[in-house]
Amino acid sequence: MKRPSSRTTLFVPLLASLALAGCVSAPKPLQGAFAPVAPGELVRSGAVGDTVRWGGRVVKVEPLAAQSCFEIVAVRLGKDGRPVNRDQSDGRFIACRAGFYDPEVFKPGREVTITGQVTGFESRKVGEYDYRYPQVDAQVIYLWPERKDVDVIVERHPFFW
């Protein structure tokens, strides 16, 4: 029986991963049509009523009597709806949803994506700075699994060297 060549052994998994990468889509609760506007842009325009899908890192969660409110540092989302760029901010926003969301689960730094309607603005302090936050009446608060650091080991095949 003939063994597959090392080129075939490398090419087939690469082709399969590229094919799967093209199939990336957002989880069902995050699918839909949303206004293509970032929180920072919305603050400048002052518009309300847009349905948005925003995400980023949790700063804090405030459980109130009837709802929980999230303060979130917004970052750009990938095609799957997950926050991707941790080193740039698209602004901050507040998202509130009915019910209790435990601050021990939604810890600072956790990645979330929300969908909902922009209902107004609220001014709060960030340090000594007066910051104007867009407020979102959230329909979905999607908590992403924590990312794990992995070691990547590259094996060099002698055929290529």
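What relative accessible area does Pro103 have, and which exposure class results? Pro103 has a relative accessible area of 28% and is therefore partly exposed; residues under 20% are termed buried, those over 50% exposed, and those in between partly exposed, with a 1.4 Å probe and only the protein chains considered. The views below show a predicted model, in which local features require pLDDT of at least 70 and side-chain atom pairs pLDDT 80 or more, whereas totals for chains, interfaces and linings use all residues. Numbering starts from 1 along each chain as its sequence is written, and side-chain values rest on heavy atoms, with hydrogens and water left out.

**View 1. The overall arrangement contains 2 helices and 5 strands.**
Along the sequence, the elements follow the order α-α-β-β-β-β-β. Helices (H or I, at least four residues) and strands (E, at least two) are DSSP runs numbered from the N terminus. The chain has 161 residues, of which 34% are buried. The whole structure holds 9 salt bridges, each defined by a side-chain nitrogen of Lys or Arg within 4 Å of a carboxyl oxygen of Asp or Glu.

**View 2. Pro103 and Glu104 belong to the loop between β3 and β4.**
This loop lies between β3, residues 92-98, and β4, residues 111-126. Pro103 and Glu62 are 41 residues apart along the chain, yet their C-alpha atoms are separated by 7.5 Å. Glu104 and Val61 are 43 residues apart in sequence, with a C-alpha to C-alpha separation of 9.2 Å. Whereas Pro103 is partly exposed, Glu104 is exposed, its relative accessible area being 57%. The side chain of Glu104 also forms a salt bridge with that of Lys107, at 3.8 Å from N to O. Lys107 has a relative accessibility of 39% and so counts as partly exposed.

**View 3. Strand β5 pairs with both β3 and β4.**
Two strands are taken as paired if DSSP finds at least two bridges between them. The pairing of β3 with β5 is parallel and comprises 3 bridges. At one position in this view, Ala95 stands opposite Val136 in β5. The pairing of β4 with β5 is antiparallel and comprises 14 bridges. In this view, Gly120 stands opposite Gln135 in β5. In a regular strand, side chains alternate between the two faces of the sheet.

**View 4. Gly127 takes a positive phi in the hairpin of β4 and β5.**
The hairpin has 2 residues between its strands. The phi value of Gly127 is near 70°. Strand β4 spans residues 111-126, and β5 spans residues 129-143.

**View 5. A buried salt bridge joins Glu111 and Arg82.**
The closest N and O atoms of Glu111 and Arg82 are 2.8 Å apart. The contact links distant parts of the chain, 29 residues apart: Glu111 is in strand β4, and Arg82 is in the loop between β2 and β3. Glu111 is classed as buried because its relative accessibility is 6%. Arg82 has a relative accessible area of 13% and is likewise buried.

**View 6. Glu122 and Arg124 take part in a salt-bridge network.**
The side chains of Glu122 and Arg124 meet in a salt bridge with an N to O distance of 2.7 Å. Glu122 is partly exposed, since its relative accessible area is 26%. Arg124, by contrast, is buried at 18%. Through shared partners, salt bridges connect Glu62, Glu71, Arg92, Glu122 and Arg124 into one network. Glu62, a member of this network, is also the residue whose C-alpha atom lies 7.5 Å from that of Pro103 in View 2.

**View 7. The largest pocket has a volume of about 230 Å³.**
The lining of the largest pocket comprises 15 residues, and those closest to the pocket centre are Ala35, Val37, Arg53, Trp54 and Leu77. Two or more lining residues come from each of β1 (51-63) and β2 (67-75). Strand β1 contributes the most, with 3 residues. A pocket is an open set of points on a 1 Å grid over the protein atoms alone, where a 1.4 Å probe fits, with protein on both sides within 12 Å along at least five of seven lines; lining residues have an atom within 4 Å of a point. Points are joined across faces, edges and corners, and the volume is the space filled by probe spheres set on them.
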